[in-house]
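Subject: Structure handover

Hello,

Here is the structure we talked about. Please open it and keep it beside you while you read the notes below.

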Amino acid sequence: QLIAKEKDGDKSKGKDGDAKDKAAKDKPAVAAAAVALELDGLEDRIARLSLNSADLAAAMLTPDGETLVYLARYDKGYDLWKYVMRSKEVKLVAKLGADEADFKLDAEGKKAYVLADGRLSTVELESGKSSGIAASARMDLDEDAERAYFFEHIWRQTFQKFLDPGMHGIEWQKLKAHYAAFLPAIDNNRDFAEMASEMQGELNASHTGARFRPVRTDGDDTGALGFFPEASWTGAGVQIAEVLDGGPLQRAGSKVGAGVVIESIDGVRIAAGADWYALLNRKAGKPVRLGLADPKGGAKWEETVRPIAWVAQQRLLYQRWWRSRRELVAKLSNGRLGYAHVRGMNDGAYREVFDEVFGRNVERDAIILDTRFNGGGNLDEALTTFLSGKVFEHNEPRGQKLGSEPSRRWTKPSIVVMSQANYSDAHCFPMAYTQLGIGETVGMPVPGTCSSVWWERLQDRDLVFGIPMVGIRDVDGDIMENKQLAPTYQVEPDPAKWATGRDEQLEKAVEVLLAKLPKK
């Protein structure tokens, strides 16, 4: 149709139209200006584009190269920012608060097309005006065919990426046919993930298996009040045995404490033995009215609090645990030994350890580094370097002893506590610590799981699978996958003693370290 219209237009132009067309054809085309790139000495002209550090989801320069537009997470989610480099001006363009986000700029660099938590919108970079993009689509999904594709993909990816080309001696081709036979009987992702995990599990390696993690925005979400219930209480309501530090019930002016009974939540009375957690469903962060009573004094009153998310209460419980371990070490060693727990092999955990060691424990004679229950990450190099410091100079202005060098590495004795729950890089670290002769270890054997993993989320976002992709050789030249590490001093904790507050592994670590120190 377009061609026909153009031909019709040609017929109606007449002589003047023909002349204009001829002139346009004869006019030389204007070539785009070439951009001269100065490549000499490029490595000496590296410049930071952003003004400050943040977790970025995406970033693009405007076509004129003047403005950096980026999605950064500073608090609760990714927001759209821009940084004008010449003026060093940083501006929040659009508040998104997205868990997942991406964007693209238009050709002129004046508008951003943003995808935030599945919602499309356009954002004008100058004004920040946001407009939603209406989109609707229909898809007829053959779930059986999709799972068949997922199966093929997981099998092939594992075959091409697994750390051992010999597949740990497993006949991977035969396994494919064996497990594919289960596909016709599987009609849901939970069972599919279990089957894929069984197949990968044949490789006898860590970091394998598929996970089914459905996201339900309409599911139950129980709030938490941050306390331990008294197990022996048999009356109506729930009695408080202990209030967690930093929890919702620990507030200035509050009369809530151990022994107080919560009789009602938002006016709903709690019968003896009733499941009261349902009264906090979907109430995290929202005001909740508690009916309270003191069984001893007989007083009754009400207080309004804001429950926290369950995961936030888990963090409070973790902090309570490591504080109790720190106090135990100080008590057992009469203040001579310091303590730090490495909760994960990541930057945040390293900063916490550094703060503890060179803050509260800088004057201690030795340090216990606890790695129990650590799920891994990538911190073994930083930790081994941190604990392997050797003093090479002392700083003494006018005879005053004011420290030594290195000042950012621990130069005194140390010991590492580990357990069966150590995983991945939390196996790499104590292995390196032992083989480099930095110190001794206490606890239980750590399974051989030191390898680097490829995690992949499938197009159905509820499914994730992993492949141990990078084998890591230790000082002895052995691949550490499946090479178990035994502690210098094996101590199997007694659950009965653990329940009373005893920590036999820490007790042994204190004993060993104190024996190495000069007596005071």
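Start with two cysteines: C428 and C450 are both buried. A disulfide joins C428 to C450, with an S to S distance of 1.9 Å. A search of the whole structure finds one disulfide. Which parts of the chain does the pair tie together? C428 lies in helix 8 (residues 425–435). C450 sits in the loop between strand 23 (440–443) and strand 24 (451–457). The disulfide therefore links parts that are 22 residues apart in sequence. Its handedness can be read from the torsion about the S-S bond: this is about 105 degrees, so the disulfide is right-handed.

Please keep in mind that this is a predicted model. The protein chain has an average pLDDT of 91, and 93% of the residues score at least 70. Residues 1–15 have a pLDDT below 50. Beyond near neighbours in sequence, that stretch makes three contacts in the model.

Next, follow the chain on from C450. Strand 24 is joined to strand 25 by a hairpin of five residues. The two strands pair in the antiparallel sense over seven bridges. As an example, W454 has I467 in strand 25 as its bridge partner. Strand 25 (residues 463–471) also pairs with strand 9 (residues 209–212). That pairing is antiparallel too, over four bridges. Here A210 stands opposite F465 of strand 25.

Now look at another sheet. It is open, has four strands in the order 5-6-7-8, and its pairing is antiparallel. Which strands form its edges? They are strand 5 (101–105) and strand 8 (130–132), each pairing on one side only. On average, neighbouring strands of this sheet are turned by 25 degrees against each other, direction ignored. Inside the sheet, strand 6 (residues 111–116) and strand 7 (residues 119–124) pair over six bridges. One bridge partner to find is E124 in strand 7, which goes with K111. A general point helps here: strands of a sheet pair through backbone hydrogen bonds, either parallel or antiparallel.

One last residue: S264, in strand 13 (residues 261–265). Is S264 buried or exposed? Its relative accessibility is 8%, so S264 counts as buried; the cut-off for buried is under 20%. Leaving out residues up to four places away in sequence, S264 touches R269, I270, R289, L290 and G291.

Best wishes

Key: Residues are numbered from 1 along each chain as its sequence is written. This is a predicted model: local features need pLDDT of at least 70, side-chain atom pairs count only at pLDDT 80 or more; totals for chains, interfaces and linings use all residues. Side-chain values use heavy atoms; hydrogens and water are left out. Two strands pair if DSSP finds at least two bridges between them. Axes are lines fitted to C-alpha atoms, for helices over the stretch in contact, and angles run from 0 to 180 degrees between N-to-C directions. Buried means under 20% relative accessible area, exposed over 50%, partly exposed in between (1.4 Å probe, protein chains only). Contact means heavy atoms within 4.5 Å. pLDDT is the predictor's confidence in each residue, from 0 to 100. A disulfide is a pair of cysteine sulfur atoms within 2.5 Å.
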